[in-house]
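Got the viewer open? Here is a short tour, one selection at a time.

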Amino acid sequence: MAYLATVSAGRLDKEQKALLKSLNRDLRSLGEHAGYLSHQTNFLLDATLGVINIEQNGIIKIFSVVAVVFLPPTLIASIYGMNFQFMPELDESWGYPLALLVMVVSAILPLLFFRRKGWL
């Protein structure tokens, strides 16, 4: 628009110059408004991505806690599931309940630790 105003300055009458000036102002205003809308859209996108990131962190935290809680009992159960020849506690009447108790305690201890730290 500015180029048009300078090139055709001598050829335009007063009314056309006023119209050209008005069009130039409107175009600047629309450009500024488009920049504002672009900024607002980017802000909303960043806010949405931040909320999604927070939700994903919560989900990953739950998965991590579950993995840590079930790791020790799984380890103990897998050791007892190997059917070794020499496991004296399995021959005793209290051997199986003791193995189950150790599995439960090993699952509860990490939960208590996480609660004490304030992670749950």
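Start by selecting V102, which sits in helix α4. Keep in mind as you click around that this is a predicted model. Is V102 buried, exposed or something in between? Its relative accessibility is 38%, so V102 counts as partly exposed. Now add P73 to the selection and check the spacing: the C-alpha atoms of V102 and P73 are 7.7 Å apart, although their positions lie 29 residues apart along the chain.

Next, hop across to P72, a residue of helix α2. P72 is partly exposed too, because its relative accessible area is 25%, and partly exposed covers the range between under 20% for buried and over 50% for exposed. Draw a distance from P72 to M103: their C-alpha atoms are separated by 7.0 Å, with the two residues 31 apart along the chain.

Time to show both helices whole. Select residues 14-80 for α2 and residues 95-117 for α4; their axes come within 9 Å and cross at roughly 160°. That angle makes α2 roughly antiparallel to α4, since anything over 145 degrees counts as such. As for hand, the crossing of α2 and α4 is right-handed.

Which residues make the contact between α2 and α4? Show these as sticks:

- From α2, pick V65, V68, V69, P72, P73, I76, A77 and Y80.
- From α4, pick A99, V102, M103, S106, A107, P110, L111 and F114.

Colour that set by class and you get 15 nonpolar residues, one polar residue and no charged ones in the contact of α2 with α4. The residues from the earlier stops, P72, P73, V102 and M103, are among those in this contact.

Now move towards the start of the chain and select L12, in the loop between α1 (2-7) and α2. L12 has a relative accessibility of 24%, so it counts as partly exposed. What does L12 touch once its neighbours within four places in sequence are set aside? Add K17 and L20 to the view: both are in contact with L12.

Finally, zoom out and show the whole protein chain. How many helices and strands are there? The protein chain has four helices and zero strands, and reading along the sequence gives α-α-α-α. Switch on a surface: the accessible area of the protein chain is about 10100 Å², and carbon and sulfur atoms account for 67% of that. Colour by burial instead, and 13% of the 120 residues in the protein chain are buried. One last overlay is a contact map: taking contacts in the protein chain between residues at least 6 apart in sequence, 53% join residues at least 24 apart.

Note on methods. Residues numbered from 1 in each chain as written. Predicted model: local features only at pLDDT ≥ 70, side-chain atom pairs only at ≥ 80, totals over all residues. Heavy atoms only, no water. Helix = DSSP H or I, 4+ residues; strand = E, 2+ residues; numbered from the N terminus. Buried < 20%, exposed > 50% of the residue type's maximum accessible area, 1.4 Å probe, protein only. Contact = heavy atoms within 4.5 Å. Areas by Shrake-Rupley, 256 points an atom, 1.4 Å probe, with all protein chains shown as cover. Axes fitted to C-alpha atoms, helices over the stretch in contact; angles between N-to-C directions. Parallel < 35°, antiparallel > 145°, perpendicular 65-115°, else oblique. Left-handed = near helix turned anticlockwise from the far one by under 90°. Nonpolar A, V, L, I, M, F, W, Y, C, P; charged D, E, K, R; others polar.
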